[in-house]
Amino acid sequence: AGKPLGEFRYGGTRRDDPEDLIPHQLRRELRGLWAINSWVHHDDCSARNTLDMWVTDGGRSFVRHHLIDFNGTLGAASIDKHTYRSGAEYLLDYGVAAKSLLTLGLRPYAWESSVDPGMPSVGFIDSRTFDPAGWRPFLPCPAFDERTPRDIRWGARIVAGFSDELIRAAVRQGRLSDPRAEDYLVRVLIERRDKIVRRWLGDSATAAR
């Protein structure tokens, strides 16, 4: 509902919104979103997949912000599956290129040991090579670049709130025809969740689950 205003950006403010006073790269809900996106491997999370709407609710008119288009989430990369390197490098990653140049390409990367589950309905997403501290989206994001440990812990606590039962119930809604695919995706999401919780909230938080 409402009037479309186009995408919002992960940096700066909307000049046509008098209530938008805090630069987006300083907002915790955007900086902490990095941890949530890393969990579900939503790497196509640039501004082009956002939408602002001018709405009237409760007798007041204002801009409501939306995240849209999740076809680059979990194991899917739009029309194909994710590559092994997705989540580990930007599309054009100068830092990685420089390291490869300095080591003559002899230094192996963790993603090179990834194993494709071979399930078309899952695509490619894994937990074994997932790095909860080094995950990267498809393109750099100003808000993610400004994230702090407190922002990440904010997002990690949201991820921690998804129990094994909730994860399995959510995956079941996908109605995957292959039972192996459902079990695989549930296991991967649980293991990725636990890695995030352990890295950012500590072993005690993982044990409490």
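Which side chain meets Asp151 in a salt bridge of 2.7 Å, N to O? Arg31 does, and this briefing starts from that pair. Keep in mind as you look around that the model is predicted. A search of the whole structure finds 16 salt bridges, and a few of them are introduced below.

**Salt bridges of Asp151**
- The bridge between Asp151 and Arg31 links distant parts of the chain, with Asp151 in helix α5 and Arg31 in helix α1, 120 residues apart.
- Asp151 also forms a salt bridge with Arg28, where the closest N and O atoms are 2.7 Å apart; Arg28 is in helix α1, 123 residues from Asp151.
- Asp151 counts as buried at 0% relative accessibility, and Arg31 counts as buried at 12%.
- Arg28 is partly exposed, with a relative accessible area of 32%.

**The Asp52 network**
- Asp52 and Arg14 meet through their side chains in a salt bridge of 3.1 Å, N to O.
- Asp52 lies in strand β2 (residues 50-57) and Arg14 in the loop between β1 and α1, so the pair ties together parts that are 38 residues apart in sequence.
- Asp52 is buried, at 0% relative accessible area, and Arg14 counts as buried at 13%.
- Arg14, Asp16 and Asp52 are joined into one network by salt bridges that share partners.

**Helix packing**
- Helix α5 (residues 149-160) and helix α7 (residues 179-201) have axes that come within 9 Å and cross at roughly 140 degrees, which makes α5 oblique to α7.
- The crossing of α5 and α7 is left-handed.

**A surface patch**
- Leu21, Ile22 and Leu26 form a nonpolar patch on the surface, together offering about 320 Å² of accessible area.
- Leu26 sits in the loop between β1 (3-6) and α1 (28-31) and is partly exposed, at 46% relative accessible area.

Methods. Residues are numbered from 1 along each chain as its sequence is written. This is a predicted model: local features need pLDDT of at least 70, side-chain atom pairs count only at pLDDT 80 or more; totals for chains, interfaces and linings use all residues. Side-chain values use heavy atoms; hydrogens and water are left out. Patches are made of residues with over 30% relative accessible area and no salt bridge: like charges are joined within 9 Å, nonpolar side chains (Val, Leu, Ile, Met, Phe, Trp, Tyr) within 5 Å. Accessible areas come from the Shrake-Rupley method with a 1.4 Å probe; for residues, only the protein chains shown count as cover. A salt bridge is a side-chain nitrogen of Lys or Arg within 4 Å of a carboxyl oxygen of Asp or Glu. Helices (H or I, at least four residues) and strands (E, at least two) are DSSP runs, numbered from the N terminus. Buried means under 20% relative accessible area, exposed over 50%, partly exposed in between (1.4 Å probe, protein chains only). Axes are lines fitted to C-alpha atoms, for helices over the stretch in contact, and angles run from 0 to 180 degrees between N-to-C directions. Angles under 35 degrees count as roughly parallel, over 145 as roughly antiparallel, 65 to 115 as roughly perpendicular and the rest as oblique. A crossing is left-handed if the near helix is turned anticlockwise from the far one by less than a right angle, and right-handed if clockwise.
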